[in-house]
Amino acid sequence: MQKNTPPATAVEPLAARMRPRTLDEIIGQEHLLAPGRLLRQSIEADRIPSMILWGPPGSGKTTLAEVIARQTHARFVTLSAVSAGVADLRKVVEEARKLLQFSKQRTILFIDEIHRFNKAQQDAVLPHVEHGVVTLIGATTENPSFEVNSALLSRSRVFKLSALSEEQILALLRRALRDTEQGFGRLTVTVDEDALQQIAIFADGDARTALNVLELAVQGSGEDISAKVPIHISLSSIEDVMQHRALLYDKNGDQHYDAISALHKSLRGSDPDAGLYWLARMIEAGEDPLYVVRRLIRFASEDVGMADPQALVVCVAAQQAVHFVGLPEAILALAQAVVYLATAPKSNALEAAYQRAQEAVQQTRNDPVPLHIRNAPTRLMKELDYGKDYKYAHDYYKEMPIDDPERPPAGQLQEYLPESLKGRCYYEPGLQGKEASIKRWLEKRRGDRTDNDG
């Protein structure tokens with residue numbers, strides 16, 4: 001348990017030393033902290049509500065909490081969800097209760113990585129937040145809708161922090177190079193512009209990562225920092241430090257769902273380049289290829305469907321390739337499926353058709369199967385007219401392709417739906433790919449059926 005964190009010292013990492021101490025020093029998050037915004041007004045007025053700070057790593061959640069700690073007159077206590085237990089919570093709450101009773105001083109409880117608290121731990125906090133014994137500030141990288149107790153969530157404001165832009169990361173790096181107290185301003189450090197740009201790209205919106213890379217480059221320059229020898233950082237120096245880009249990706253978190261959504265929407269928009277990019281983002285970050293191919297199979301029916309029935313075949317083949325040879329050999333099979341789906345004609349007619357049929361099942365009577373299309377394996381069933389007047393379709397169809405516009409209807413067509421649903425149409429093919437010819441044939445079939453009924 002930690003109370004009112006002391007100022008950063010020179011022995012701390014650069015990222016810790018450069019942590020902002022006031023609201024004005026915070027880079028980014030203008031949607032929350034610009035003058036006049038609700039959160040800024042609450043902090044400046046020392047009327048801190050219970051809140052959940054939700055944002056990606058390095059976006060400033062802990063920094064904002066520490067700024068609040070410096071500005072508030074309340075007692076500020078920090079717990080880490082990784083190491084704290086219910087006993088720690090009870091101790092904080094008991095101290096907060098006594099402090100409120102005898103000196104009227106409030107307690108703000110900051111819980112870092114609150115998504116790591118289990119249900120019992122979150123339930124232990126709830127009544128004390130509800131009764132105002134403590135004001136909660138929770139920080140999480142995960143969607144609080146899924147990771148935070150709904151009762152606790154309803155008693156807190158959720159503030160979503162954004163990853164920093166490349167421009168904001170560059171501003172932070174330049175500040176660190178100029179700062180004579182906490183940064184490298186006392187040293188003679190020059191960094192090439194393309195090297196700074198590469199750090200900003202590599203950081204992927206994470207301020208901590210950007211400052212760590214800069215610090216490692218300075219420390220790895222081979223120069224004696226204490227002697228204040230001029231240090232020059234080039235692009236090659238930064239590339240040596242970075243070695244390999246660790247992609248921001250959590251297979252159980254928001255990045256997982258956001259990336260698969262991006263892939264799905266890119267394919268729906270017929271963009272093979274974007275589809276390949278999002279596929280690579282997921283696979284290179286360690287996503288389960290079977291999860292990806294399951295979604296591709298779904299897409300093949302949901303968004304391509306009968307416009308190109310071969311799409312489902314290609315995706316199932318990709319699934320078999322993943323099973324049979326695994327990664328990395330199956331990567332190209334996944335890529336082939338992605339490009340095929342992106343460039344295939346699109347139709348959601350199958351999904352829409354099933355939804356219509358599903359609604360009919362749910363909203364209409366469960367009428368019996370019409371007698372003429374029932375099976376009649378026994379004599380009694382035949383005596384009860386099961387299968388009577390059923391017309392065997394093959395006796396009426398001529399040997400012509402289904403997509404031949406001259407193909408006649410099935411002779412004396414009969415109704416296959418229950419009487420109460422007679423004439424209903426659920427499948428409405430589109431005009432893309434294979435469905436265009438199916439549409440022509442189906443319109444002729446349905447038209448002839450109407451003529452026969454007329």
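**A surface patch and a set of salt bridges**

Y390, Y392 and Y416 come together as a nonpolar patch on the surface, and their accessible area adds up to about 330 Å². To count here, patch residues need over 30% relative accessible area and no salt bridge, with nonpolar side chains (Val, Leu, Ile, Met, Phe, Trp, Tyr) joined within 5 Å and like charges within 9 Å. Areas come from the Shrake-Rupley method with a 1.4 Å probe, and for residues only the protein chains shown count as cover. This is a predicted model, where local features need pLDDT of at least 70 and side-chain atom pairs pLDDT 80 or more, while totals for chains, interfaces and linings use all residues. Numbering starts from 1 along each chain as its sequence is written, and side-chain values use heavy atoms, with hydrogens and water left out.

Where does Y416 lie? Y416 sits in the loop between helix 19 (379-383) and helix 20 (434-453); helices are DSSP runs of H or I with at least four residues, strands are E runs of at least two, and both are numbered from the N terminus. With a relative accessible area of 38%, Y416 is partly exposed, a label for values between buried (under 20%) and exposed (over 50%), using a 1.4 Å probe and protein chains only.

On the charged side, the structure holds 15 salt bridges, each one a side-chain nitrogen of Lys or Arg within 4 Å of a carboxyl oxygen of Asp or Glu. One of them pairs E193 with R174, with the closest N and O atoms 2.7 Å apart. Because E193 belongs to helix 10 (residues 193-203) and R174 to helix 9 (residues 166-178), the pair ties together parts that are 19 residues apart in sequence. E193 is partly exposed at 40% relative accessible area, and R174, at 31%, also counts as partly exposed.

R268 and D303 meet through their side chains in another salt bridge, at 2.7 Å from N to O. This pair links distant parts of the chain, with R268 in helix 13 (residues 254-268) and D303 in helix 15 (residues 289-304), 35 residues apart. Is each partner buried or exposed? R268 is partly exposed at 38% relative accessibility, whereas D303 counts as buried at 8%.

E351 and R298 form a salt bridge too, their closest N and O atoms being 3.8 Å apart. Here helix 18 (residues 349-363) supplies E351 and helix 15 supplies R298, a link between distant parts of the chain 53 residues apart. E351 is partly exposed at 25%, and so is R298 at 48%. Through shared partners, salt bridges join R268, R298, E302, D303 and E351 into one network.
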